[in-house]
Amino acid sequence: MKQIIYLDNAATSWPKPESVYQVMDNFNRNIGANPGRGSSSKTLEAGEVLLDTREALAKLFHLPDISRIIFTKNITEAINTGLKGYLNPGDHIITSSMEHNAVVRPLSVLSKAGIEVTYVKCAPDGSLCPTDIEKAWQKNTRMICLTAASNVSGTIMPIKEVGLICRERGAVFMVDSAQGAGHIPIDVSEQNIDILTFTGHKGLFGPQGTGGFYLRPGLEIRSLIEGGTGSSSDKTVQPSFLPDKFESGTPNTPGIAGLGEGVNFILKTGLAAIQRHERKLMDMMIEGLKQIPRVTIYGPADSKRQTSVLSINLKGLECGELSFLLDERFGIITRSGLHCAPLAHDTIGTFRQGTCRLSISYFTKQEEIQVLLQGIAQLSKEANAV
Amino acid sequence: MTTKHFNFYILFPNHQEGLHLHRKLKEANVKCTISPTPREASSFCGMSLLIEEENLDMAAKIIKENNIKTEGIVKLEKKPSIWNKTC
């Protein structure tokens, strides 16, 4: 197999911790039952897998009630449930101009159904001023939805500050933690988060096809799909208790086993150690890129103000060409284009040209960053000669 | 005259809650048994926890502390059975 340097962890993290592969293999080979259906020993064992993962997530995010952790097929489904399950015609929602299409597209549908949407404009480095949220407040503001960190520029958002505003003014605060979870601390109580949506396959080191959300006790929202839950089987109506209300159909149990192990890896390693490693490599990458002529760096360019995501362009090459050449010549995997976030690219001024996104993980090595910098320096020279 | 003996079944809305309590009772060294729920007791999730009468107060305390949802406790006359899954 061709040696590669994987710098597309913001799309999906790879590799996963070895134990993630092992628990998924073990589930498929040795457990393999459907959780919550009947009461066989295998079913109960599969049920324990879900319980283990809920407990691990509760530790990581400081969630007080594990029965309010709901698994979905990905964070997009979780965000859709939060938005469409809570908002009603006539309601107003505030969000930012750095959001992913997982938020923007459902809001586009909802805006046609009589829900007012305000996009608060962020600064060109992707940062959000919390007081701008207050300025956008209306009498009918019912929800604030905010990404924990941008998937384009890595910019960390002021979650705690916005959470406090929501608590004081009385609106539901929903956080899209796709790019934050596993990279920066997330604490639903401290940050006043009412609905925390998460993906399993990025910073949490689980497999693709996993995600979910946490719903604050006392907050009720509608389900988007209904079906068999293995519970209340004598009833033809959906159970109202959680997590069953939102978990219809057979779950992705092998995937959830992997997600739980990914979260356990973070808990064992320590989020602080992960952050330290990522910041060290980000500093190295940012400083190195600053020395290379023709490179433009977007976002804060400060490892303390961003997660392990960096967007760049190289003058003389389109972002797609840069990504292609890094792959073909040096085996470096990146992602180019608009990253499903047109509003974010508009905010940082790259809607027309897009960017090449470099995203590292805890498993990225210093030597790999050196190869990246040498590769980009080489391409810079070549682009200059054209 | 024969003395009647009773079983106490803790019932749950779903497996999630039943397995959660099972785990917490095990941690507290409270003896309990995962049991198929007798049809006369419930039509809920299919699993229940069989517990001794003297442990009911302790179980109630653990249920409250961990915010575990139950569908109540059912007292049924003990009948001969050939199963057992003791924790």
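Two residues are in contact if their C-beta atoms, placed from the backbone, lie within 7 Å. The model used here is predicted.

**Exercise 1. The contact between the chains**

Find how many residues chain A and chain B each bring to their contact.

*Solution.* Step 1: count each side. Chain A gives 22 residues and chain B gives 17 residues. Step 2: sort the side of chain A that touches chain B. Eight of its residues are nonpolar, ten are polar and four are charged.

**Exercise 2. The sheet of chain A**

Work out the strand order of the open seven-stranded sheet in chain A, and name its edges.

*Solution.* Step 1: read across the sheet. The order is β2-β8-β7-β6-β5-β3-β4, and the pairing is mixed. Step 2: look at the ends. β2 (69–72) and β4 (116–120) of chain A are the edge strands, each pairing on one side only. Step 3: follow the twist. From one strand to the next, the average is 20°.

Step 4: zoom in on one pair. β7 (residues 195–199) and β8 (residues 211–215) of chain A run antiparallel and are joined by five bridges. I195(A) has L215(A) in β8(A) as its bridge partner. Step 5: add a helix. α4 (residues 101–111) of chain A packs on the sheet and touches β3 (92–96), β4, β5 (141–147) and β6 (172–176) of chain A. The direction of α4 makes about 155° with that of β3(A).

**Exercise 3. Two helices in chain B**

Describe how α1 (residues 15–27) and α2 (residues 56–65) of chain B pack.

*Solution.* Step 1: take the geometry. The angle is about 120°, and the axes lie 10 Å apart. Step 2: classify the angle. Angles of 65 to 115 degrees count as roughly perpendicular and those over 145 as roughly antiparallel. α1(B) and α2(B) are therefore oblique to each other. Step 3: give the handedness. The crossing of α1(B) and α2(B) is right-handed. Step 4: list the residues. From α1(B) come L21(B), K24(B) and L25(B); they meet A59(B), I62(B) and I63(B) of α2(B). Five residues of this contact are nonpolar, none is polar and one is charged.

**Exercise 4. Two domains in chain A**

Locate the two domains of chain A and describe where they touch.

*Solution.* Step 1: set the bounds. The domain assignment gives domain 1 as 5–15 + 270–385 and domain 2 as 18–269. Step 2: place the domains. Their C-alpha centres lie 27 Å apart. Step 3: count the contact. Domain 1 of chain A supplies 31 residues and domain 2 of chain A supplies 33 residues. Step 4: find the elements on the domain 1 side. α8 (271–290), β10 (309–314), α10 (342–348) and β13 (355–359) of chain A each supply at least two residues there. By class, that side has 13 nonpolar, 15 polar and three charged residues.

**Exercise 5. Unusual backbone spots**

Which peptide bonds, to P15(A) and to P243(A), are cis or trans, and what is the sign of phi at H62(A)?

*Solution.* Step 1: recall the background. Most residues other than glycine have a negative phi, and most peptide bonds are trans. Step 2: check the first proline. W14(A) and P15(A) are joined by a cis peptide bond, with omega about -5°. P15(A) sits in the loop between β1 (5–6) and α1 (18–31) of chain A. Step 3: check the second. The bond from L242(A) to P243(A) is also cis, with omega near 0°. P243(A) belongs to the loop between β8 and α7 (253–269) of chain A. Step 4: check phi. H62(A) is not a glycine, yet its phi is positive, about 60°. H62(A) lies in the loop between α2 (41–61) and β2 of chain A.

Note on methods. Residues are numbered from 1 along each chain as its sequence is written. Chains are lettered from A and ligands numbered from 1 in the order in which they are written. This is a predicted model: local features need pLDDT of at least 70, side-chain atom pairs count only at pLDDT 80 or more; totals for chains, interfaces and linings use all residues. Two strands pair if DSSP finds at least two bridges between them. Helices (H or I, at least four residues) and strands (E, at least two) are DSSP runs, numbered from the N terminus. Axes are lines fitted to C-alpha atoms, for helices over the stretch in contact, and angles run from 0 to 180 degrees between N-to-C directions. Angles under 35 degrees count as roughly parallel, over 145 as roughly antiparallel, 65 to 115 as roughly perpendicular and the rest as oblique. A crossing is left-handed if the near helix is turned anticlockwise from the far one by less than a right angle, and right-handed if clockwise. Ala, Val, Leu, Ile, Met, Phe, Trp, Tyr, Cys and Pro count as nonpolar, Asp, Glu, Lys and Arg as charged, and the others, Gly among them, as polar. Domain bounds come from an automatic or database domain assignment.
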